[in-house]
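I opened my notebook for a walk through this fold. Here is what I looked up, in the order I got to it.

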Amino acid sequence: MKLLYISISGNTRAFVKRLMDYAAQQPTAHPLEWSVKEIDDNSIFEEESEPFVVFVPTYLEGGNGVDNGDQEILTETMREYIDYADNARYCRGVIGSGNKNFNYQYCLTAKQYAEQFQIPFLADFELRGTTQDIARIYDVLRKIN
């Protein structure tokens, strides 16, 4: 399974790296075969042919996320990548990150992806995540792998 992510400030990239390091240390009878791919504005879109999970941080235009401020900014390339060709068909879910100080807007981009592409919102973590977030999200991914 592929793990696709977009990282603007480096938080999501750091989280995914820590997740992969954690996964490599886990004893398992069936080793997990995950590949990681960062999507950015310079990515060449490919037609996916195997399952993948998306990690997306939340960057919005401002506002409160209810009456306004629910427009995604900076991470649109990931939405476009999922929407490219038949890629959404292979997306098994989305993991969101953000800052809990933004209340309703916390992980709003991931929730919008889940709704638009009819995929599960699998999990969330704040900023770079904690050690507990790494273990929790690892378990979530193992169950869908």
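These entries go from the sheet to the helices, then to one loop residue and the aromatic rings.

**Entry 1: the sheet**

I began by reminding myself that this is a predicted model. My opening question was in what order the strands of the sheet run. I found 5 strands in an open sheet, ordered 2-1-3-4-5, with parallel pairing. Strand 2 and strand 5 are the edge strands, each pairing on one side only. I also looked up the twist: neighbouring strands in this sheet are turned by 20° against each other on average, direction ignored.

Next I went through two of the pairings. Strand 1, residues 2–5, pairs with strand 2 in the parallel sense over 4 bridges. To keep my bearings there, I noted that Lys2 stands opposite Ser35 in strand 2. Strand 3 and strand 4 are also paired in the parallel sense, over 6 bridges. For this pairing my landmark is Phe52, which stands opposite Cys91 in strand 4.

I then asked how many residues of strand 4 are buried. The count is 7 of its 8 residues, and I wrote strand 4 down as mostly covered.

**Entry 2: helix 2**

I turned to what lies over the sheet. Helix 2 lies across strand 1, strand 2 and strand 3, and runs at about 160° to strand 3. Which of its residues are buried? I listed Thr77, Met78, Arg79, Tyr81 and Ile82. These buried residues pack against strand 1, strand 2, strand 3 and helix 3. Just after helix 2, I noticed that Ala85 takes a positive phi of about 50°.

**Entry 3: helix 3**

Helix 3 lies across strand 3, strand 4 and strand 5, and I read its angle to strand 4 as about 160°. It spans residues 108–117 and is mostly covered, with 7 of its 10 residues buried. My list of the buried ones is Leu108, Thr109, Ala110, Gln112, Tyr113, Ala114 and Phe117. I wanted to know what covers them, and the cover includes strand 3, helix 2, strand 4 and strand 5. Here too I noted a positive phi: Gln118, just after helix 3, has a value of about 55°.

**Entry 4: where the two helices meet**

How do helix 2 and helix 3 pack? Their angle is about 20° and their axes are 12 Å apart. That makes helix 2 roughly parallel to helix 3. I recorded the crossing of helix 2 past helix 3 as right-handed. From helix 2, the contact uses Met78, Arg79, Ile82 and Asp83, while helix 3 brings Gln112, Tyr113, Gln116 and Phe117.

**Entry 5: a loop residue, Leu60**

I stopped at Leu60, which lies in the loop between strand 3 and helix 2. Is Leu60 buried or exposed? Its relative accessibility is 15%, so I put it down as buried, the cut-off being under 20%. I then looked up its neighbours, leaving out residues up to four places away in sequence. Leu60 touches Gly69, Asp70, Gln71, Glu72, Ile73, Gln105, Leu108 and Thr109. Two of these, Leu108 and Thr109, I had already listed as buried in helix 3. I also checked Leu60 against Leu74: they are 14 residues apart along the chain, and their C-alpha atoms are separated by 8.1 Å.

**Entry 6: the aromatic rings**

How many aromatic pairs are there? I got 7. Phe15 and Phe125 form a stacked pair, at 3.7 Å centre to centre with 10° between the planes. This pair links distant parts of the chain, with Phe15 in helix 1 (residues 11–25) and Phe125 in strand 5 (residues 121–126), 110 residues apart. Both Phe15 and Phe125 are buried.

Another pair I looked up is Phe45 with Tyr84, which is edge-to-face at 5.6 Å centre to centre and 75° between the planes. Phe45 sits in the loop between strand 2 and strand 3, and Tyr84 in the loop between helix 2 and strand 4, so the pair ties together parts that are 39 residues apart in sequence. I have both down as partly exposed: Phe45 has 24% relative accessibility, and Tyr84 has a relative accessible area of 33%.

My last note goes back to Phe15: ring pairs link Phe15, Phe55 and Phe125 into a cluster.

Definitions and conventions. Residues are numbered from 1 along each chain as its sequence is written. This is a predicted model: local features need pLDDT of at least 70, side-chain atom pairs count only at pLDDT 80 or more; totals for chains, interfaces and linings use all residues. Side-chain values use heavy atoms; hydrogens and water are left out. Rings of Phe, Tyr and Trp (its six-membered ring) pair if their centres lie within 6.5 Å; planes under 30 degrees apart count as stacked, over 60 as edge-to-face and the rest as tilted. Buried means under 20% relative accessible area, exposed over 50%, partly exposed in between (1.4 Å probe, protein chains only). Contact means heavy atoms within 4.5 Å. Two strands pair if DSSP finds at least two bridges between them. Axes are lines fitted to C-alpha atoms, for helices over the stretch in contact, and angles run from 0 to 180 degrees between N-to-C directions. Angles under 35 degrees count as roughly parallel, over 145 as roughly antiparallel, 65 to 115 as roughly perpendicular and the rest as oblique. A crossing is left-handed if the near helix is turned anticlockwise from the far one by less than a right angle, and right-handed if clockwise.
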